[in-house]
Amino acid sequence: MTKQVQKLDHVIIRFAGDSGDGMQLAGDRFTQETAVFGNDLSTMPNFPAEIRAPAGTLAGVSSFQLQFADHDILTPGDAPDVLIAMNPAALKSNLKDLPPGRDLIVNTDEFTKRNLTKVGYEGSPLEDDSLEPYNVHAVPITSMTVKALEEYDITRKDAERAKNMFALGMMSWLYDRPAEGTLSFLKAKFAGKPEIMAANVAAFQAGWNFGETTEAFSVRYEVKPAPLAPGTYRNISGNTALAYGLVAASQLAGLPLFLGSYPITPASDILHELAKHKRFGVRTFQAEDEIAAVGSALGASFGGSLAVTSTSGPGMLLKAETVGLAVSVELPLIVCDIQRAGPSTGMPTKTEQADLLQAMFGRNGESPVPVIAPASPADCFNAAIEAARIAVKYRTPVILLSDGYLANGSEPWRIPDTASLPDLSQEFAFAEPAGPDNDGDAGEFEPFRRDPVTLARPWAVPGTPGLEHRIGGIEKADITGTISYDPDNHDRMVRLRQAKIDGIAADLAPVEVDDPDGAARLLVLGWGSTFGSIGAAVRRARKAGHSVAQAHLRHLNPFPPNLADVLRRYDQVLVPEINLGQLALVLRGRFLVDVISYNQVRGLPFRAAELASVIEDVIRHA
Amino acid sequence: MPEPNGHGAPGGGTAGAGDGDGHRFASLTMVPRAATRSAAKDLKSDQEVRWCPGCGDYAILAAFQAFLPELEVPRENIVVISGIGCSSRLPYYVDSYGMHSIHGRAPAIATGLAASRPDLSVWVITGDGDALSIGGNHLIHALRRNVNIKILLFNNRIYGLTKGQYSPTSERGKVTKSTPFGSLDHPFNPVSLALGADASFVARTIDSDRRHLTSVLRAAADHQGAAFIEIYQNCPIFNDDAFAPLKEAGATAERLIKLEHGEPVRFAGGSKGLRFGRHGQLEAVEVTAAEEDTLITHDAHRADPSYAFALSRLDTADFRHTPVGVFRQVEQPSYDQLMAEQIDAARSRSGPGDLAALLAGNDTWEVS
C-alpha cells in the first residue's frame, strides 16, 4: 500500500506513558534518529521524582516531548501535534495540552476497567465521544508487541516491556526516521542478553511494519533536514555538555580536574559523566554530603586542581559556608547549581530559575561571587569553559546556574574544533618558587599581594619552595595575609574583594541586542534557560508586525559593562523569569530602571505563544 | 602500590626516617625527600602563639614541630589543615602550607587535597567539638575511606573558644554555662568511634608525655592511609585537670596502660595484665604464674577490630584503666592510591584522553 506523503516544516511529538514504560528511552532514540536525519530539534523530558510510582497512576506518568523542524528552532514546542498515550493515566494527564484536530495515538490494551478506575475515568474515553475533537489512532500496542514476540524465548513480562520499541518503530515509520542507529543501539545495550536484544529489535520492526501496513495511518509525514551551518554535529544534553566543558577547560588550562559531588537531582548526571573520564586524569569524589563535596573541591583547588562541585538548590544552601571560605581565601572554584523547583525539596525533576538571589547573596558578610548562566543545552559547554576562565584568572569561586530544563533537554550541537577553544593556560600562572635571594624566610612571601590589573592574589600551591603560607576564613591583613582584626584593614579587604569581582566586567563581552529594524521601543531581557522561549516568542511578535528587541544575559554578576546603556536605550524592558522576579529586583536596585517583570513558576519552561501575547500586551499598553 | 612497611613497630618508636637505614615513613612513599633535614625552628612561623598560658596545646605544638623534621620532607610538601576551635589555630604557627578552614570541615578539605596531591604530607588538626560534633560525619567518612591524612584530635572535653560549653566528650552531668543543671548527653569515646568507622590506624596519647606523644606521631607517619590520634589535652581555663588522674605520680602506673605491639600488656609496675572475660570484654587482673598464659599480648595488626574495640572500652570516666599508644594499625590501600590506580589503569588500557574524540562521541552527522 502506497501512502500519501505530507510535507511539514515542523512537528511536535509527545511520548507519554507510565514511568516503567520506557518513554524516556523511546524519546531519546527518536531524538537521536531525528538528529542524524539532520533536522533541528529541541527536547523536553518530563518525569516524576518517584522512580516507580504505583503503576498506572497519574503520579507515575512520564513524558518526553520533542520538536523537530526543517529550520532552526528554539524550544521543544508549546503543544504537541501528536500525543502517544500508552495508558489511561498518560492520556488523562496530557490530553489537555493537545489542541483539537491533532493526532492522538492510544495504546488500547491498557484501557482496562481497572486502569480506567485508577485514574478516575468512569467509562473508557475510547468508547464515548470525549476524544472526538482529535484524530484518534487506536492501536493495541501491548498485545501486538506480545504477539510479534511469540517466537522468542522470553517471559511475557519481557515481551510487554518491549512495547516502547514497538511504539518507537511505528513513530519512526510515520516520520520516516533512519532506523539504523536504534538497531545498533539495541545491539550494544543488550549485548549480554541476545534473546532480549532480538526481541527488542523485532518489536521495533513490528512497529515499523504496522505503520506501513495499517489503515490507521493514511498519511506518512516528511520533515526535511534543516539548513544548519556546515560542520560535524551531534545531539547533546545540558548536563553532558557541561561535563564536557569542564573536561575541556581542564585540558585548556593544563590543570587536573577534580569534582567533589553528592548525588542530587537534576545534577547527578554531571558526576556520572565525569566519573567515566579517568583517561583525562579526572578525579571524581562522591562525598558523604554536599558540604564535604565542596570542601574536597576547595582542598583540591588549594593543591592546584581545576576544582568543581555540582549540585542543585538544596545543596547550594549546604555549600554556602565553603563558598564563603573560598571567597575569603581567594581560590578558584566552580560551583554548578542545576536549579530545580523549590523551596526546600520542592519538585526535584521540574525546572526553575529561583536560585539567582541565593547565588548572589546567599552567604554571610560581603561575599561577592561571579554568577554565569548557560542559555541552551549545548551552551552549557561554553558556560563551563567561561566559568573556569573567570575562576582561575581571578582566583574566585564562580557559580554556574543551569537548570533542570537545560540539564535534561537536548539539541543538535556543532562540535567545536578543539583548536578554536580559548587557551586558558594564558589566563593564570601558579606563583613561582622563591629565588635564591628570597629563600622564603618567614614573612617574605606575600600571599595577598594582588595583581594590579585583575586584583587576583597569587595561586601558591603546596610543594612550591619559599611560598609557605597559611590561609583561612579569618580576616587577613592586606598583602601579608596574616590574621588581622584591624578595622581599617577589614574595610579595605571587603572593598578589595568586591572591586576584584566588579572589575571582571571589563573582561566580559558586551551584551548583544537583537533589534533587527532598530525601531524597537521594548527590550525583552532574559537570562539562562529562557533563551529559547523568549527567542521564539519574539519571533512570533515580529511576525505579527511588532518591533521588539531581545537581549540575553550570560553574566549575572558582574553584569556586562554595557548593560546600563542597553537598559536606558529602550522605553520599556520586559524581564520574563521562571521565578518571582529575581533578576528584575537586581536590575531595579542596580540601575534604577523600572523593568516589567513577567513570571511563572510552574516547573516548566515558558510557552512561546504565551510569552508572545505578553509581549504584544506590553507593546499595546505602552 | 608501595610495599607495606615491614619495619618497626607502630608506637615502638623505631621507625624514624633518621635511623640511618634509609627507611622512609610509609605515608610518604609519594612525597619527595628533603635534601637536608630541617630543624624544629624552621617549622616555626613568625606568628605569635596565642593560646592561654598553661594550655596543653603548647606542648603538642612543640612536640609536633620537633617531630616534623624527622619526616625528612621539604617543608613546602607539608600541609596542615584545621577546622575551627582553639586547637585549629595551630596551622598559623607552623611554617609550612596551611589552611584554617571551617568548623568541622577539615577532614573533607584535606580529603580533596590528599586525593589530588599524593606528593604532600597532609595533617589535620582538630578538637573534640570540631571533629566529633559539627564535623562528626566528615571524620568517620575520612577514616573509612582511608584517605592518607593524619588526624590529631585535641580532646579537652570542653568548648574553649566559645568559652566553656560542654562538648561531645564531656562526662554526663557536666555543669557548664550551657548546662547549669548538668549535661544530659552521653559522651563519645573517640577511640571507639574511630574503630567503629573501621579506621586503619587508631591511637591515643597525652599532651604531658612528650616522648609518648612523639612516638605516636612517628607511628602515624609510618602508616599509609588515615591515622587517627586522640590527644588528651588540658584546658586550664574551662576544664582544668580533666586528665589529672592520669598525671598524678603515684596513680599513673595503676591507671595508664601503655600499649606496645608484640608486648604483653602490663601495668601497675608489671603486676597487672589484661585477659578476655566471658563476654569478650577485657578485664584487668593480677599477673600470676598460673594465669600468665591467659593474659593478652598486644597485637595492633589484627584485621578484626573487635579486640582494639574491647581495649578502647577499658577507658571509663574515672580513668580507672586508660590504654594509650596504638590500638590498631592495619595495612589497607589508601584512597589516593586507589584513585591514582584507576586513572593509571584507564590510561594504560586506552591511552590518554583525546578531547576531540570525547566531544564527537559516537553518533555524529555532517552538514555541508
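How are H4(A) and H6(A) oriented to each other? In this predicted model, the axes of the two helices come within 9 Å and cross at roughly 100 degrees. Angles of 65 to 115 degrees count as roughly perpendicular, and H4(A) and H6(A) are therefore roughly perpendicular to each other. On the H4(A) side the contact is made by Ile141(A), Thr142(A), Met144(A) and Thr145(A), and on the H6(A) side by Lys163(A), Phe166(A) and Ala167(A). By residue class, this contact divides into 4 nonpolar, 2 polar and 1 charged.

Both helices also belong to the surroundings of helix H8 of chain A, residues 194-213. The buried residues of H8(A) pack against H4 (141-148), H5 (156-161), H6 (163-174) and H7 (180-189) of chain A. Those buried residues include Ala199(A), Ala202(A), Ala203(A) and Ala206(A), the aromatic side chains being represented by Phe204(A), Trp208(A) and Phe210(A). Asn200(A), Gly207(A) and Gly211(A) are buried as well. As for the length of H8(A), its 20 residues should span 28 Å at 1.5 Å a residue, and the end C-alpha atoms are 28 Å apart, which agrees.

Chain B can be described as a whole. It holds 10 helices and 12 strands. Its radius of gyration is 22 Å, close to the 21 Å that the globule rule gives for 368 residues, so chain B is as compact as a globular protein of that length. Along the principal axes, the C-alpha atoms of chain B fill a box of roughly 90 × 50 × 45 Å. Buried residues account for 50% of the 368 residues in the chain. Of the contacts in chain B between residues at least 6 apart in sequence, 68% join residues at least 24 apart.

Methods:
Residues are numbered from 1 along each chain as its sequence is written. Chains are lettered from A and ligands numbered from 1 in the order in which they are written. This is a predicted model: local features need pLDDT of at least 70, side-chain atom pairs count only at pLDDT 80 or more; totals for chains, interfaces and linings use all residues. Helices (H or I, at least four residues) and strands (E, at least two) are DSSP runs, numbered from the N terminus. The expected span of a helix is 1.5 Å times one less than its number of residues. A residue is buried if 20 or more other C-beta atoms lie within 10 Å of its own, exposed if 12 or fewer, and partly exposed in between; C-beta atoms are placed from the backbone. Two residues are in contact if their C-beta atoms, placed from the backbone, lie within 7 Å. Axes are lines fitted to C-alpha atoms, for helices over the stretch in contact, and angles run from 0 to 180 degrees between N-to-C directions. Angles under 35 degrees count as roughly parallel, over 145 as roughly antiparallel, 65 to 115 as roughly perpendicular and the rest as oblique. Ala, Val, Leu, Ile, Met, Phe, Trp, Tyr, Cys and Pro count as nonpolar, Asp, Glu, Lys and Arg as charged, and the others, Gly among them, as polar. The radius of gyration is taken over C-alpha atoms; the globule rule is 2.2 Å times the number of residues to the power 0.38.
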